[in-house]
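Subject: Structure handover

Hello,

I am passing on the structure below. My notes on what was found follow it.

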Amino acid sequence: MSLPAQKCGILEKTPVGRGAVKSMKHVPFLGKLIIMGVIPLAVLGIAVGILSFRQAALVVRQSQKRVISDTINRIDININVKARQFDGFLTAVSESPETALLLQAAGAGTADRFDSRALQHFCRTTLGSFAEVKSVELYLGSSPVFPSCSQTPARLRSLYDKAGRSSGATVWMDANVHGGEKTVTLCRALMDGGEAAGLIVLELDARMFGSLVLTKQKILNYQTTFLTDRSGTVLYSDSAIHDGWLRLALEHYRGGERKFTLTADGARYYVCSQYNALTHWVTYTVIQEPALFPGAAPLKRYISLVVLGLS
């Protein structure tokens, strides 16, 4: 009785193996060369091409994001420069000899006879170079010192409350929208014996201010940069804002995110934001993700041609 072939130490070739060997015997030499050499090289080339494209896309997108971040920082510096200039102006007014005489007249009960022309001239001269300044107002209590003062009693009480609690520091209010125009109000209390005896109010054109701080700061195509106050009201934008991604961007920011990606209306957007501690404003830049790497399609075609050429 004969033993099975496996037990005799004989490895029996499977029908599949015998078929593959027989089929390879009938393949021409050129075909064998293609199967064993060209195809593996082509697969390797495609893999290298895909990996190279992905790495290049990653590097370019990261570089573009750094450019956007740098742009946001420059805008924030511009806002700080402007904010400090206006703060310096309010400090100069509150500490001027003319204001000191005004407070003395108020204490003596003769403020109604105070000649404010020198103080008005000082304000006009100092702020003459600032195109964004709409008006300067000065109050003693609820009584206007300058004839151009226009705050309503309710608004004036609100300004006094916030400026008084800041003990003479400059206060930036949220945007005031009237007739389609947005105005930003700065105020500073005139302190006398620890009490707010008067108030300086500076009204700025939000659109003009935003235009000045964002001038020549747009680096990439399809990039939208805009400013909001602490309540989320858009003060200025350098291009059209879409309600879909605006709402989501504000939600992400309020959730603690500063750089993030969102999807709105079927498109993906990259958003970078920066908070300004002086004004309490937030600067946003929004760009569609494909715009971070506008050369993706040409590069993909170039890599494909190289891979095909080498294959």
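Accessible areas here come from the Shrake-Rupley method with a 1.4 Å probe. On that basis the chain exposes about 18000 Å², with carbon and sulfur atoms supplying 58% of that area. Please keep in mind that this is a predicted model.

Some overall figures come next. The chain has 311 residues, and 39% of them count as buried. It contains 8 helices and 11 strands. If you take the contacts between residues at least 6 apart in sequence, 55% of them join residues at least 24 apart.

The rest of this note concerns one sheet. It is open, is made of 5 strands with antiparallel pairing, and has the order β8-β7-β11-β10-β9. At its edges stand β8 (234–237) and β9 (259–264); each has a single partner strand, so one side of each is left without a neighbour in the sheet. On average, neighbouring strands of this sheet are turned by 25 degrees against each other, direction ignored.

The partner of β8 is β7 (residues 223–228): the two run antiparallel and are joined by 3 bridges. Within this pair, Thr228 stands opposite Val234 in β8.

Two helices are worth looking at alongside the sheet. Helix α6 (residues 206–214) lies across β7 and β8, and runs at about 45 degrees to β8. Helix α7 (residues 243–254) packs on the sheet and touches β7, β8, β9, β10 (267–275) and β11 (282–288). The direction of α7 makes about 145 degrees with that of β9.

Regards

Notes. Residues numbered from 1 in each chain as written. Predicted model: local features only at pLDDT ≥ 70, side-chain atom pairs only at ≥ 80, totals over all residues. Heavy atoms only, no water. Helix = DSSP H or I, 4+ residues; strand = E, 2+ residues; numbered from the N terminus. Buried < 20%, exposed > 50% of the residue type's maximum accessible area, 1.4 Å probe, protein only. Contact = heavy atoms within 4.5 Å. Pairing = 2+ DSSP bridges. Axes fitted to C-alpha atoms, helices over the stretch in contact; angles between N-to-C directions.
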